[in-house]
Amino acid sequence: MTQPEKRKLDDVPTCGLVMPISAIDGCDEQHWAEVQAIIQEVVAKAGFQPRLVSEANEVGIIHQRIVQNLYEDPIVVCDVSAKNPNVMFELGLRLAFDRPTVIIKDDQTPYSFDTSPIEHLGYRRDLRHASVLEFKEKLFKKIRDTHESASKNDDYSPFLRHFGRLTPASISSDEVPISDFLLSALDSLSRQVSALSSSNAAIKATVDRLAPKITQPFLTTSPEFRKRGGLGSLFDGSSDDMSDEGRIGLLAQAIADAKSKARERGDDQ
């Protein structure tokens, strides 16, 4: 993409998408991919850039990204088909922000009591061609009308107005110096490393307790284990060339082999 094309794309307002993407209620991932393609086509035609609210150009914490996009996107299309729990939760956040939202659902999904006051655009779950064409026209008009109404009306409220004078939720944004951000990130990383070390210490303690029962039979059969110098050495820092997964895998193999030998001796516990 050329720089002029990128700048032009950046000027296009975003329409967030909230919808199922994995198998649910008898519909596989391919079904939802087809639904997403239909929605994206209509959204682009309406003059918006379609994007799942979980997506972003920069790297970051996905939950923070979702909430931020749900709050900032000028309009969101939400497909509540199959009542996916994540979708319903994200819809709840969007409605709490009282921001322009278009809700759609397939003909196999019943209405939810809490969101029933809001109009839902329906489509056939079997995505029959003629019905999809009709749905596209309705969705296009709904997106354009909803965004236009919200842009012209300062008191626009898709949901909270049904419950009297309520104040929409908001998100505060604080700027911090880059040095503070880096120190915070390093502190978080340090805590994670400490937690991992504590976890390894706990594993080593368990290994030391079990070692008398399982070390000897395994030592006689495993060159790799003899090279490592015993189970305890896997977690005491003398086997730093192995990953945690490798250590735990070797330990699991040790236990399995020891149990096999115990069964052969007839003393399996």
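The following paragraphs describe the strands, helices and packing of a predicted model.

Confidence is a good place to start. The mean pLDDT over the chain is 77, and 54% of the residues reach a score of at least 70. In the stretch 217–221 the pLDDT falls below 50, although the model still gives these residues 12 contacts beyond near neighbours in sequence. Where pLDDT is low, predicted coordinates should not be read in detail.

At the centre of this description is an open sheet of five strands, arranged in the order E2-E1-E3-E4-E5 with parallel pairing. Strand E2 and strand E5 (120–123) occupy the edges; each has a single partner strand, so one side of each lacks a neighbour in the sheet. From one strand to the next, the twist averages 25°. Strands of a sheet pair through backbone hydrogen bonds, in either a parallel or an antiparallel manner.

Two of the pairings can be followed at the level of bridges. Strand E1, spanning residues 14–18, runs parallel to strand E2, spanning residues 49–52, and four bridges join the two. Within this pair, Thr-14 has Gln-49 of E2 as its bridge partner. The connection between these strands is also well defined in handedness: E1, helix H2 (residues 29–45) and E2 together make a right-handed β-α-β unit. Further along the sheet, strand E3 (residues 75–79) and strand E4 (residues 101–106) are likewise parallel and joined by four bridges. Here Val-76 finds its bridge partner in Thr-101 of E4.

Helices pack on this sheet as well. Helix H4, comprising residues 85–97, touches E1, E3 and E4, and its direction makes about 150° with that of E3. Helix H5, comprising residues 129–152, lies across E3, E4 and E5 and runs at about 160° to E4.

Turning to contacts between helices, two packed helices are described by the angle between their axes and the distance between those axes. Helix H3 (residues 62–72) packs against H4 at an angle of about 40°, and the axes are 9 Å apart. An angle of this kind falls in the range that makes H3 oblique to H4. The H3 and H4 crossing is right-handed. On the H3 side, the residues involved are Ile-66, Val-67, Asn-69, Leu-70 and Tyr-71, which meet Glu-90, Leu-93, Arg-94 and Phe-97 of H4.

A second helix pair brings together H2, from the β-α-β unit, and H5, from the sheet packing. The axes of H2 and H5 come within 9 Å and cross at roughly 45°, which makes H2 oblique to H5. This crossing of H2 and H5 is right-handed. Helix H2 contributes Ile-38, Ile-39, Glu-41, Val-42, Val-43 and Lys-45 to the contact, while H5 contributes Val-132, Phe-135, Lys-136, Leu-139, Phe-140 and Ile-143.

Note on methods:
Residues are numbered from 1 along each chain as its sequence is written. This is a predicted model: local features need pLDDT of at least 70, side-chain atom pairs count only at pLDDT 80 or more; totals for chains, interfaces and linings use all residues. Side-chain values use heavy atoms; hydrogens and water are left out. Two strands pair if DSSP finds at least two bridges between them. A crossover is right-handed if, with the strands pointing away from the viewer, the path from the first strand over the helix to the second runs clockwise. Axes are lines fitted to C-alpha atoms, for helices over the stretch in contact, and angles run from 0 to 180 degrees between N-to-C directions. Contact means heavy atoms within 4.5 Å. pLDDT is the predictor's confidence in each residue, from 0 to 100. Angles under 35 degrees count as roughly parallel, over 145 as roughly antiparallel, 65 to 115 as roughly perpendicular and the rest as oblique. A crossing is left-handed if the near helix is turned anticlockwise from the far one by less than a right angle, and right-handed if clockwise.
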